[in-house]
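Visitor: Before we begin, please show me the model, and let me ask how each label attached to it is justified.

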Amino acid sequence: MSIEEFLEEWNNASPYVHVQTSGSTGAPKPMLVEKQRMLASARITCDFLGLKSGDTALLCMSLDYIAGKMMVVRSLERGLKLIIVPPSGHPLAVANSPLSFAAMVPLQVYNSLQVPEERERLMQIRHLIIGGGAIDDVMAQQLKSFPNAVWSTYGMTETLSHIALRRLSGPEASDWYTPFPSVSISLSDEDCLVIDAPAVCSERLVTNDIATLAPDGGFRILGRKDNVICSGGIKIQPEEIERKLRSSLRVPYLITHRPDDKFGQIVVLLTEGSVDEAREVCERLLPKYHQPRAYQHVDQIPLTETGKIARKQAQLIASNIWEK
C-alpha cells in the first residue's frame, strides 16, 4: 500500500481502516479497526514520548501492517513532519535528516549498526522504538550506550501497535515493560498476560504470552503459550532456551520441535551455521532435559514479511514436511 492509498482510506467516510496481522503464528488475517481508536493510540504514544507538533518522524515500514499505518496516524494526530523512505533493511542509508522519532524492526536496527554513517544517524534519533521481533543481548548491549532514548515495544495488531515500552538505553535500561497509564494488566490462570486497554481495544484481551508481573506494575514476557514444547512430560519454553544460547551462538538459529513416538515432541534446533558447533554449545550451556534431540542446518531461518520468526513454518521444516 502507498501513502496515497492509505490517506485516501483514512479520509473516506468509513469509521474503519483495514489492517492485517503479521502472520508470526500463522497466516496473516485481515481486520477492521476503528480510526478513533487508532487516533487514541497515537495520542497515548506521543504523550508518553513528549512528541510535539513540528517534530520529525520516520516512516520506513510497510503500510500493509499496523506499525506502518500507526506512524502515519501519529504524524496526523500530533502534527509531526513525516519523512518517508521505502521499506528496506537500511532505512538510514537514505534518511539523513535529523529525526525526533523513528520506529524500526530489529533487522533494520541491526543493519544500521553495521555501517558507521548509519550508526551515527541511529544514535541521533531522539526517540527510537523497536518492535516486531526479539532484541538479542548483543544488540541490547550496543544500544545501552546510546545517548538518546531507545525503547522496545510490546503490542500487537489487536492493540493498534504497542501498549507498553521498556527502555533499552541509558541507566534506565530494563528487562521490564512499563504499560501506558491508561492500560491495566494482569495474568490469566495459565500465567498469560491479560490486557485492559479500553482506549484502543474494546474488549479485554487475553494473550498467549506467558509473563511475570513486577510489584511496580511492570511485566516481563517469558514466551508464547502456543510455542511451549511438551517433551516426555516436561514443558519447555523455546524462547527461554534461545535467550540462553544468544551469547554463544552468533549465527541465526531457533528452537522448534517435531512429533516423536516416544516423547510426544522433541526439541529441534535449526541453524544457519554448523550443526556440530550448535550441539557443542547446547551441551555446554543447557540442562540435559532442555538440550535439543535433533539439529538441522537450514539455508535461512524462516521469517514473516515483518521480520518475525515464522514458528509454524519452522515446525514444518523440522518435521520435513515444508514445501517451498
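Visitor: Why does Phe 48 count as buried, partly exposed or exposed?

Guide: This is a predicted model, in which local features need pLDDT of at least 70 and side-chain atom pairs count only at pLDDT 80 or more, while totals for chains, interfaces and linings use all residues. Residues are numbered from 1 along each chain as its sequence is written, and side-chain values use heavy atoms, with hydrogens and water left out. Buried means under 20% relative accessible area and exposed over 50%, with partly exposed in between (1.4 Å probe, protein chains only); Phe 48 has 32% relative accessibility, so it counts as partly exposed.

Visitor: What makes Phe 48 and Trp 151 an aromatic pair, and of which kind?

Guide: Rings of Phe, Tyr and Trp (its six-membered ring) pair if their centres lie within 6.5 Å, and planes under 30 degrees apart count as stacked, over 60 as edge-to-face and the rest as tilted. Phe 48 and Trp 151 lie 5.6 Å centre to centre with 70° between the planes, and the pair is therefore edge-to-face. By this rule the count comes to 6 aromatic pairs, and ring pairs also link Phe 48, Trp 151 and Phe 180 into a cluster.

Visitor: Where along the chain do Phe 48 and Trp 151 lie?

Guide: Phe 48 is in helix α2 and Trp 151 in strand β7 (residues 149-156), so that the pair links distant parts of the chain, 103 residues apart; helices (H or I, at least four residues) and strands (E, at least two) are DSSP runs, numbered from the N terminus. Trp 151 has a relative accessible area of 11% and is therefore buried.

Visitor: How do you know that the charged end of Arg 167 sits over the ring of Trp 151?

Guide: The rule asks that NZ of Lys or CZ of Arg be within 6 Å of the ring centre and within 35 degrees of the ring normal. The charged end of Arg 167 is 5.2 Å from the centre of the Trp 151 ring and is listed as sitting over it, and the charged end of Arg 220 likewise sits over the ring of Trp 176, 5.8 Å from its centre.

Visitor: What is called a nonpolar core, and how many residues has the largest one?

Guide: A nonpolar core is a set of buried Ala, Val, Leu, Ile, Met, Phe, Trp, Tyr and Cys residues joined through side-chain atoms within 4.5 Å. The largest has 69 residues, and Met 38, Leu 58 and Met 104 are among those with the most contacts inside it. Helix α2 (residues 35-49) gives the most to this core, with 6 residues, and a second, separate core of 14 residues includes Leu 245 and Tyr 295.

Visitor: Why is Ala 134 called exposed, and what does Ala 134 contact?

Guide: Ala 134 has 57% relative accessibility, and therefore counts as exposed; it lies in the loop between β6 (127-130) and α6 (137-144). Contact means heavy atoms within 4.5 Å, and, leaving aside neighbours within four places in sequence, Ala 134 is in contact with Pro 106 and Arg 246.

Visitor: Why does Glu 120 count as buried, partly exposed or exposed?

Guide: Glu 120, in helix α5 (residues 116-124), has a relative accessible area of 41%, and is therefore partly exposed.
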